[in-house]
Every structure is written in C-alpha cells, then in structure tokens.
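Reader: I am new to this structure and would like a close look at a single part of it, namely the charged side chains that pair with one another. Could you take me through them slowly, one pair after another?

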Amino acid sequence: MAGKSKSSYEFSCQTAERKLDHRTYGRKNSTVPLSLPVERHPGLNTASKSANRLLKRRGSRSHSNLPRFPTRIQEALTHCTKSSVHEALSKLQQGEVLCKIKRRRWTGRVEPKLCKIDDSLLYFRYASISCTCGFQLPGNKEKTVDLRHIRAIRFGRLESKDEISRKFRKTDSISIVFDSSSRLPLNFLASSEDSAKMWVTGLNYLRRQILALQPRLQHELTIWERFGSLDHDNDGHVTLHDVRRTLCRNGTAPYSFDMIETLFQKHASELGTCDFTRFFDFYKTATCRKEVVQIFNEISADQIGITVRELYKFIQKTQCDAQITEKDCIKIIEDFESNDTARENLHLTLPGFSLYLSSRFSEIFNWRHDEVYQDMKQPLSHYYIASSHNTYLTGDQLTERSSTDAYMNALLKGCRCVELDCWDGSDGEPIIYHGYTFTSRIKFKDAIEVIGKYAFETTVFPLILSIENHCSVSQQDKMAAYLKQILGSELLVATVNPEQQEVKLPSPSALRGKILLKAKKLPSLTIDNVTESGDVSNDDEPDETKYEFQTEDEGAQKGRLATNRSFPETRSISRIKSDHFFSRHFRTNSSRSSAGYSSSSTNGSSRKSSEKVKHNLSKSLSDLVVYCKSVKFKSFDIDPNKPKNFRQMSSFSETKAFKLVKTNLNEAIEYHKYHLSRTYPAGIRTDSSNYDPQPMWNAGFQIVALNYQTKCDEMEICTGKFRQNGNCGYVLKPRDQRLSSCGEDGEELSCAKLLNLHIICGQNLGLNNAGTFVEVSVSGDQQDVTQRVTNTAKSNDSTTGCDPNWDEKFIFFINKPELAMLRFVVRDRDKAPDKIGQHTLPFSSVAQGYRHVPLLKRDGTKLHGSSLFVFVHVEPATKRHANHKDD
C-alpha cells in the first residue's frame, strides 16, 4: 500500500481534531447593549434601533431552560489565545441584527433577524423582530442551529444565486453549510465586513472546539442536554416521574419501569430528586447494557476496572486490531474514563468501557478506513469513481428545481464526477437545465463558481466535469472562458507529462487538485486546420441522450421527441403526458436544432448508413479536453498488441450496460483496465430513480452515475461503497480488475472468506419493538449474493421492549471480498416493508470483534442512539461453503 495507514489511535485523534492554542479568558458582561455600526443593507436601517432596545430588555437571559453548564466543558470551550476570538465570542453572546436571505423557488428576499450565541456556546439562535415595535413577531418562533451539525461557516460566499442576493456585496455575507445535504445553507448579510468576519471567526472557533472535546466530555454534554430536557420547571432537579416518562418511553434506558425506579432511588437525594451531579451518575448506570457488563466482567480480573494491559489484550485478540499499542490504550482511558480517580490510576471502569464500545472506534466500520489508506498512484482506470447524474436537479427530471446547491451537496458528499447539461440561454449566457422540460434553469457561470468553491473541500483528488453540450459555438466559447477564468490553475489544460509519451492514464495522486473536462473533442486534423470551431460527427458523440431528433430522408430535421433506442417498448406515464409539450417546443425550436442544439441520435434506422450528422464544436472548448474525450462506444478492443486509446471515454445507458455485463463480462473487465467508462440511468426514469450499481462495478465500470438527490437503496449502497478510503471519491478496484490472473509484482490475488456474524441485540429502536427483525444481505459477485433474516425479537419482561434480543448466528461465504458489500436492515413486522434503519458498508472495511452497527436514515444521517450490537469473525475459507440459512 502506498497510502500510509494511521496505525496509532492517539495519532488518529490528533489528526481528526483541529487543535488551537489555549488560554483562559474572562467573558465580558453580556448585559451591555450592543452598539450597531452604520448599516448599508435594506432592512437593517429600520431594525437597528428596535433591536438595540430588545437587546437591552433581554440582557443576558438565556433562551434555553438548560441547567448550569458543566464547568469542565465550559473551560474546554472557552480557552483561547487570540484576542480576536476573545472579542468575537463576547460580542456573539451579546447579539446583533443580521439580514437573512429567505429563499423561494424563483425569487428571494431579505429579513432582519436578531442573532446571537446562547450562554452554553453550543447553539446559534436567530429570531424575527419587529421593525417598528422591537418585539418578536407572533408565530415566528426562535430558530436554533446546533453548531455540531454545521459543516462549514464561510465569509464572503453567498450560497444563494437568487437575483436578490446579487444586489449585496459578498464581502458582508455569512454562509452556514450543514452536514445534512437535505438542509439548505443559511445565508446572512452583516452590517459591515468586520462584523461578518467576527461572526465567521467566532462560529468556526466554537465548532472546532466542540468537535475536539474528548469523548468523555462529549458524553457529559449529552447527559447535560438530557437533564435539561427533563427539568421542565428549570429548578435544577428532576423527579422519578420525569425520568420514567422520558428515558423508558423513548427507549434510552434498557430496563423496565421498576428497575429504573430502583436505580433512581439509589442515586436520589432525601427529597427524592436528582441534581445534575446525581443524575449524571444515575444516567451512566441506567443506560449500561447487560451484554456490555458481561464482556466487562470477562476482561477485568477484579470486575472493578480494566487495566491498560487487559484493555490491550482485549483489543488485540478479541477486536483483532493488531496495530494497537499499550500507549494507545492509555490514551483511550484518558479519553473515555469520566471518573477522575480511575483515570489517574489508568483504570477503565464499566461506564468508561461502555462509552468506548459505543464510540466510532468500536463501530463495525473500520475507523482506520476513514482516512485515505489505499494506493493512489495507479492509473485512473484502476479506481471506482463516485459519480452523479443530472447533478443540478433537486428532484424529478420534468418539473423540479435546478440549483447550484445540488452541486455543493454532491461535492461535499465526496462526489468526483458531476454532470452539466448545457444549453443556449436567451440572453447570450449558457444555462444548465434538463432540456425541453419544465425544470428551472441556472446559469453555467454560477454552477462553475460553486464547483470552484467546493471542488476540493472534501478531498484533494481530481474532479471530472461531464459536459453534455447543446450550445452554439458562441456560447461554447463563453463556457470555455468561464472555465478558465473561474477555475484558473485548477483546470487541467495539458497532459501531466507533456514531454513524455504517455501509455496509460495518470493517477489520482498525479492529478491532485485538478479538474478534468469530459466532453467532445475535435479530431487533431480539424484542430490543425480550423482556428475557431469545427465539426464532429455523431460517431464521436456520447451515447447519453435523453431527448433526441430524427433526421428525415430529405435532410430536414423535424423537432420531435425520439424514444431512447435502449427502451423501444417502454414509456413512462409522465413521459407520455408530456409528449405534446415536447413536440410543440421542438417545432418552435426546429431551426435551433440544425445549429447544433441536438444531442446524439441513437435512432439511426431513418438515416442512410453512410450519412453522418455534423455538430458544431468550439475549438476553445475542445482544447480543454485532455484525458476524457467523449466518444461513441463501438466495441471492446482488448487486443494486447494494439495501442490503447486510453484518453477516450464512452458513456452507456443502464440498459446497454446491463446487456454488456450479461454477455461480455470478461471483455468488459479487460477493457476497463485501461479505459474509463461512464454509465447513467435510463431516460425513462423521469422520477430520478436509480439502478443497481453493483453489476456495473462487477464489470469494471469506473464512473457509475446515480441521482444523488434521490434517497433510495441504490444510493445507500453507493454511499456505503465510497465511505471507505477516507470518503475521497476514489476506491481501488479489485486486483483481478487491475492485474493479470497471476498478479503483477508478486501481488497476490484475494482469497475467499468466511464471515461469521452473531446478531446479539438492538439498542434504542423505540418502544415495544418485540416484532422487529434484521435482514443481513451480501451483494457483490453473483456467487456471493445472499440474504439472511432473523426471527422476530424475543420478548424480555425485564426490558421496555426498546432493546430487542435475537441472539442468532449466520455464516456467509464470500468468494470475492473486495467486491462484496454488507448490508443491515432493521424492520418492524407490523410495518414492513418500511424499515427502522439501515447500514451498508464494504466487506473489506468490516471490523472484527464486538461491534455496534449505527442505524442510518435514508439521507445517511444517524438515528440518534439506535444501533445493533453484533460479534464479527472473519477467516479464510478453506473450501466452498454453501450460503444456506441452515448454516
């Protein structure tokens, strides 16, 4: 492996956290009213005086009913050495009026908001104010943003492309981008550039500090928030009634009401209530699982605490982590043990061990694969590449909104190939939208600006822009100019080694920080003879057309919708209903189609075999295509004696790709050792549904494009596939898809594996889930596809039903481990086929030992506290093992 693996737990923690210099400072009195500077934006001028009056009346009063913030967490969050951060935090707690850009489908507007950071330094809050009276408007409640759910806070970058946002200077803007792609960014306008910088500095500092908290402090913070939710009268105490009503009924505690009552009375005061300190001890005891207690007693010799040596042996042998060291175990105790005495004596008590088993270091996904660990110096054709189809869309392909936010969301997810459908704009500016539909339109320039901002936010490895070009030459020239002007040196315009003759594609490592263009390219002869533009035939076009033209015998092009050749017998209802609109629109634009607007025509039956349709192509745009020249696929040319046209790239509709996979699997695998190929959903998928990507990966297709905006099983598989290797968007293909059958350079091909899986129980799945069951499936090579289903959960009178117990064991034979994907789905018998949650991951990233499987929603976010508890053991398969349920 060329990629350097992070073998140390301690080093991983240090690289995952952005650490700042520390110094304690004293906060200014938050009751001092804020003096607002002179505002320049509409809305701020009329709101400033009333906002100051409102701030004076509210003073330092918190908007939360939470109890006193834990001292240890407060100290960790407020240590700072920079005076600018000190000053920013003080002002943010006092509050200020910012203008929020409200988004609409076609328009936008701004509203003044009173914004501040609450006293706990965990939440950004904003509320509407009256421009005349200075009070909160009826029906407009205060909005809260948890800083832990923010991906980035930016200065001078408006993430909205509404026309109203163009009226304001970007130097005064603040943009808040969230972890969840389903949540749109928040955009604010400050009263001055200095004010905007203050907000960005303070919010970014707090966000980093919160994420850098040790796990034991983060757990204490969770308990503090839980305590605040129970303390309804805000007197600093909770009762048994509050605890039973919340902890038991929402599935947090794994015990019955009677057992919770016994534990609570043990920790309560003489008055029968618990303050935060008592509740903290009670909560740790009440949420500890009996399975964890059993494992703890097996590890600890005295059953009181786990020593460094005992923890080392457990992680080495049971958890099968050979890279762990005793020094790492000491760091684990320091991070997870909340008892000060035990921590000083280097002992891990039961609550600390339970916290460790629920951390990311004990997930079923190998935490070491959260960083780039694969060899990134092989040719691009040796990697699967995360790819998006119709990236600009936020929903279906007929009527939904196009948005630059869709590009941002895809790039932040680690996508490395995005699509731009480019058409002529009426004002001379190229636009992006789904041609001949009711989808809204965005400017090509705006899309490139967003791509330039976020191209390398998640990963530094190359990004591919897949251009579907329907523009005239003049607007193609504008596209080329915008690409060069906005992307600058990041745009690849020449080969990596101009002085050397390349025989294969460059590696992701060699293309770090570069953006590649996938588009049509003029033949070299045409480039030598034409200065501005030239023609390319339909043979050079990609086979990726949604709506196409037919050429009549007399040569005139009538604008009408041609169905995709790959689907001659199938047309969706939404397509049929829209035919009248499409045909009418084509007729009014028939003159355009002859000027180069149409996509490639796959319907050649009405054309003479010798006839070729010519499309105009700008030389300036053609010159930007280096390694991904888009060509029409003809055949698998796998003759080893012929030179490889590795710079050419073809696209396949899903139907054509599935047909090739079924009839020419071996040829496809051999072909894709040297050539890039892209697959995309069929044109009849007007609802933006997706196809199964696994057969495409099995055949070596690198760029398997899916609709990222659609939450479905296929996207869950894709997300799980590309989580490995640091979510960098590139995953090394299996050895047999890169090397000869005997291997190269002594590299051994992977052997079959046996997966022994013990489904023990579930945690926090909700109340009365005695009818839940678990589906465990393996996808990948056709021989490995299998599914097992547990029985419905066993009832247990000692629990509340939120922790179903299965205690079932399965064995899976996996012939090709590098292709296999492991998927867990939890369902309720009474609500099937709806699922409670799921988790999908590559088999190569499965960690062994006692592991928890976090359950995820459709959008990839975690179900808070919900997981499966399993035991995993993987061993080499000495003989073929049948995948039968009896095993």
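Author: With a relative accessible area of 25%, Glu142 is partly exposed, in a model that is predicted. The side chain of Glu142 meets that of Arg125 in a salt bridge, with 3.8 Å from N to O. Glu142 sits in the loop between strand S3 (123-128) and strand S4 (143-146), while Arg125 belongs to strand S3 itself, so the pair ties together parts that are 17 residues apart in sequence. Arg125 has a relative accessible area of 7% and is buried, because buried means under 20%. In this pair, then, a partly exposed Glu142 is joined to a buried Arg125.

This is one of 35 salt bridges that the structure holds, and another of them can be found within a helix. Glu193 forms a salt bridge with Lys197, and the closest N and O atoms of the two are 3.3 Å apart. Both residues lie in helix H5 (residues 193-211), where four residues, or about one turn of the helix, separate them. Glu193 is partly exposed at a relative accessible area of 29%, and Lys197, at 39%, is partly exposed as well.

A further pair lies in a loop. The side chains of Asp370 and Arg360 meet in a salt bridge of 3.5 Å, N to O. Asp370 and Arg360 are each placed in the loop between helix H14 (350-357) and strand S10 (383-388), so their pairing ties together parts that are ten residues apart in sequence. Asp370 counts as partly exposed at 30% relative accessibility, and Arg360 is partly exposed too, with a relative accessible area of 32%. The pair also belongs to a wider arrangement, since Arg360, Glu363, Asp370, Arg723 and Lys862 are linked in a network of salt bridges.

Charged residues also appear where two helices pack. Helix H6 (residues 215-230) and helix H9 (residues 276-286) pack at an angle of about 110°, and their axes are 10 Å apart; the two helices are therefore roughly perpendicular to each other. Their crossing is right-handed. From H6, the residues in contact include Glu220 and Arg226, and H9 contributes Lys284, among others. The residues of this contact divide into eight nonpolar, one polar and three charged. Among the other residues that meet there are Trp224 and Phe227 of H6, and Phe279 and Tyr283 of H9.

Definitions and conventions:
Residues are numbered from 1 along each chain as its sequence is written. This is a predicted model: local features need pLDDT of at least 70, side-chain atom pairs count only at pLDDT 80 or more; totals for chains, interfaces and linings use all residues. Side-chain values use heavy atoms; hydrogens and water are left out. Axes are lines fitted to C-alpha atoms, for helices over the stretch in contact, and angles run from 0 to 180 degrees between N-to-C directions. Angles under 35 degrees count as roughly parallel, over 145 as roughly antiparallel, 65 to 115 as roughly perpendicular and the rest as oblique. A crossing is left-handed if the near helix is turned anticlockwise from the far one by less than a right angle, and right-handed if clockwise. Contact means heavy atoms within 4.5 Å. Ala, Val, Leu, Ile, Met, Phe, Trp, Tyr, Cys and Pro count as nonpolar, Asp, Glu, Lys and Arg as charged, and the others, Gly among them, as polar. A salt bridge is a side-chain nitrogen of Lys or Arg within 4 Å of a carboxyl oxygen of Asp or Glu. Buried means under 20% relative accessible area, exposed over 50%, partly exposed in between (1.4 Å probe, protein chains only).
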